[in-house]
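Got your viewer open? Load the model, pick a colouring you like, and follow along stop by stop.

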Amino acid sequence: MMDTITATCARAFRSFVSTQVWLSRRFDRLLPKQFRIDGNTDFTQDFVNPYVQPATSIVDVGGGKQPLLSPERKRALGVRVVGLDVDAAELARAPQDAYDEVVCADITSFRGNQSAELVICQAVLEHVPNVSAALASLSTIVKAGGVALLFVPSKNAWYARLNRALPAALKRWLLFSIFPQTEKDQGFPAYYDRCTPRELISIAAAHGLKVDKVRLYYTSSYFSCFFPLYLLWRLHMLALRAISPQSAAETFSLALRKERGNPSGAAVK
């Protein structure tokens, strides 16, 4: 009997969440396209493309079991990809032939040999307690004239503020209960240390990395499970964007080019 009641409640909850998500998506259709672009999708499918050229040497930082380039695309382009991640188990779960070499290291202390033409760092920096140390490390990986491509959730986003405020066990339970499909890929500790466009650009400059391109995104799905809250968040975001576009961004992409006058990767004084 209890199992039946539990199953009925679970179905009712999933139905409620599905309805709320549908309402949230219907509302979003009323907004201009620029407010409906998913940052992670845009980063992987458009932002990085001009920089991923045939025969490029690439270091995928924090890609773990989900490298940005599939083995098929990697082979088609003839690129060499090194996977660098703090977790050896994550690297081991990557698709076969996704990486030509793997390095298990902490990005806040790793030091490279300035040989990569391209560094990819997708949704990693929010999980790093010291972003300045991470950017210093990235600057030692990429060669002079090379580019580091970053995709970063902003610490100003409502979900980021909640992430920092809630106990780890509670926020994981909420996330996986409402969005069970995220359990395999999300739930890592997040710090959001200086994760805003303005702060990251400033820190990057101190490590010889100059902005080549910036793209801001204004949508996320975290509150879509409860339409009244989603509507309130959307209205707040629209109002804030009119005042400060960078502060309103939920996520953002940066292309940072290593200055040729700073080949060592040492901090610029």
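Start at Ala123, in the loop between β4 and α5 (131-141). Helices (H or I, at least four residues) and strands (E, at least two) are DSSP runs here, numbered from the N terminus. Ala123 has a positive phi of about 55° although it is not a glycine. With a relative accessibility of 27%, Ala123 counts as partly exposed; on this scale buried means under 20% relative accessible area, exposed over 50%, and partly exposed in between (1.4 Å probe, protein chains only).

A word on the ground rules before moving on. This is a predicted model, in which local features need pLDDT of at least 70 and side-chain atom pairs count only at pLDDT 80 or more, while totals for chains, interfaces and linings use all residues. Residues are numbered from 1 along each chain as its sequence is written, and side-chain values use heavy atoms, with hydrogens and water left out.

Next, select Ala55, in the loop between α2 and β1. Its phi is near 70°, a positive value in a residue other than glycine. Is Ala55 buried or exposed? Ala55 counts as exposed, at 59% relative accessibility.

Now zoom out and show the whole cartoon. You should find 10 helices and seven strands. Of the 269 residues, 44% count as buried. Contact means heavy atoms within 4.5 Å. Among contacts with a separation of 6 or more, 75% are between residues 24 or more positions apart.

Colour by pLDDT, the predictor's confidence in each residue, from 0 to 100. The protein averages 89, and 87% of the residues score at least 70. Then select residues 263-269, where pLDDT stays under 50. The model has 16 contacts beyond four places in sequence for residues 263-269. Where pLDDT is low, the predicted coordinates should not be read in detail.

Go on to helix α2, residues 39-47. Which residues of α2 are buried? Show Gly39, Asp42, Phe43 and Phe47 as sticks: those are the ones. They cover an arc of only 100° around the axis, so they sit on the same side of α2; the arc is that of the directions from the helix axis to the C-beta atoms. To see what they pack against, turn on β4 (116-122), β5 (142-153), β6 (209-217) and β7 (251-258).

Helix α6 (residues 158-165) makes a good follow-up, with Tyr159, Ala160 and Asn163 buried. These residues cover an arc of only 100° around the axis, which puts them on the same side of α6.

Jump to helix α10, residues 245-248, and pick Pro245. Pro245 counts as partly exposed, at 37% relative accessibility. Not counting residues up to four places away in sequence, Pro245 touches Leu216, Tyr218 and Leu240. Try a distance label on the C-alpha atoms of Pro245 and Leu216: they are separated by 8.0 Å, with the two residues 29 apart along the chain.

Stay in α10 for Ser247. Ser247 is partly exposed, with a relative accessible area of 24%. Leaving aside neighbours within four places in sequence, Ser247 is in contact with Asn156 and Leu240. Its C-alpha atom and that of Thr196, 51 residues apart along the chain, are separated by 7.6 Å.

Last stop: the second largest pocket, with about 240 Å³ of space. Of the 14 residues that line this pocket, the closest to its centre are Val59, Val82, Asn113, Ser115 and Ile141, so select those to find the spot. The elements giving two or more residues to the lining are β1 (57-61), β2 (80-85) and β3 (101-104).

If you want to rebuild it, use a 1 Å grid over the protein atoms alone: a pocket is an open set of points where a 1.4 Å probe fits, with protein on both sides within 12 Å along at least five of seven lines, and lining residues have an atom within 4 Å of a point.

Methods:
Points joined across faces, edges and corners; volume = space filled by probe spheres on them.
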